[in-house]
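Follow the charged side chains through this fold. Some find partners, and some do not.

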Amino acid sequence: MHTIEQLNAFVAVYELGSYSAAAKHLGKSRTTVREHVMTYEDTLGYPLFTIDGRKAVPSDKAEQLYFHAKVVEKQNRELCCYSQALYEFEIHTINIVHDVIVPLGLMVKVEQRIRQHYPMLSVNWLHRTRQEALDMLQQGSADLVLMPNRDMLFPEVDVTWVNLGPLHLKCYVGKDSPLIKQSRVSMANLQNETQYITENFLVMDVGYARVSPKMQVVSNNDLLCELIKYHGWAAMPEEYMRDYLKSGELFEVKLKELSDSKSIELNLYFTIGKDNQKVFADTIRWITELSHSALR
């Protein structure tokens, strides 16, 4: 019978291609990883790898075995997360990490709902890039993460998620922009003007967010909106820009190539088992409910 340590060693060597790399990934010595794989091979009765220089080359049987071993290895990690989440402790603070494009009104409503039911709970709203946010989830310094979907089936790390609804990307300019004089502008028109883009959009390469060769990155959304009042344009979620449109400070420009907006999905990420604790389960439910009414 195999052990979890043996499966972990096999999967790591298979994925990373060497015993040394697998040992570094697992935080173990190369000798220990090699012993786990050799013991597993003895149990199976056939070799899993051959050594070619510094590389561990998987055998045909290892190729067939990998998928099943990976499923078990992943389920074991999820079980560990789930078991840890069942440990009861008093929660005083909840850390919600968000992208800059998450609508402000949505976050305000979420905090109001939390305060209504848990008046003694402190809620911290932290702006981070996507990778920083997911790293914080794994490290335990973030409880929930609000981030756009990258159109990937699985996120980059072992977390779960709930889809909250679409954000509608449109193009916005100031009242003095030459683009505002046209009923519809083309992508070529946009390429001739300076584009301001949020840091996360640049990293994620969302939709048509990267268009102009004259591109300037801005981490702060308030600053971005102030800049495009006087120069250039930006692709931003309609839900975020509503107040600027109502005040007449910014205007939407329509594109010839698109009949309407370009949509990206907003997700709520959290570690496996987090929703087994009542405070977090309630918060996840409220965020989902409020998002479904706000993102239409």
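Start with D99, which sits in the loop between β3 (93-98) and α5 (104-117). The model is a predicted one. Is D99 buried or exposed, and which side chain of opposite charge is nearest? D99 is buried, and yet it has no salt bridge. The nearest candidate is R130, at 7.5 Å. A salt bridge needs a side-chain nitrogen of Lys or Arg within 4 Å of a carboxyl oxygen of Asp or Glu.

What does D99 reach instead? Its side chain comes to the backbone nitrogen of I101, at 2.8 Å. Look next at its surroundings beyond the four neighbouring places in sequence. There D99 is in contact with H127 and R128, with L146, M147 and P148, and with N200.

Now turn to the charges that do pair. Side chains of opposite charge can pair when their charged atoms come close. How many salt bridges does the structure hold? There are 15.

Take E249 and K229. Their side chains meet in a salt bridge, with N and O 2.6 Å apart. This pair links distant parts of the chain, 20 residues apart. E249 lies in the loop between α10 (238-247) and β10 (250-253). K229 lies in the loop between α9 (221-228) and β9 (233-237). E249 is partly exposed, because its relative accessibility is 32%. K229 counts as buried, because its relative accessibility is 13%.

Helix α11 (residues 278-294) offers another arrangement. Here K278 forms a salt bridge with D282, and the closest N and O atoms are 2.8 Å apart. The two residues are four apart in the helix, so about one helical turn separates them. K278 is exposed, at 58% relative accessibility. D282 is buried, with a relative accessible area of 8%.

D282 also forms a salt bridge with R285. In that pair the closest N and O atoms are 3.0 Å apart. R285 and D282 are three residues apart in α11, so they too are separated by about one helical turn. With a relative accessibility of 39%, R285 counts as partly exposed.

Which residues belong to the network of salt bridges around these two pairs? K278, D282 and R285 are linked in it with R113 and E289.

Set the two aspartates side by side. D99 is buried and has no salt bridge. D282 is buried, and it forms salt bridges with K278 and R285.

Technical notes. Residues numbered from 1 in each chain as written. Predicted model: local features only at pLDDT ≥ 70, side-chain atom pairs only at ≥ 80, totals over all residues. Heavy atoms only, no water. Buried < 20%, exposed > 50% of the residue type's maximum accessible area, 1.4 Å probe, protein only. Lys, Arg positive; Asp, Glu negative; His and termini not counted. Polar contact = N/O pair within 3.5 Å; in protein donor to acceptor, adjacent residues only side chain to side chain. Contact = heavy atoms within 4.5 Å. Lists of a residue's contacts leave out its neighbours within four places in sequence.
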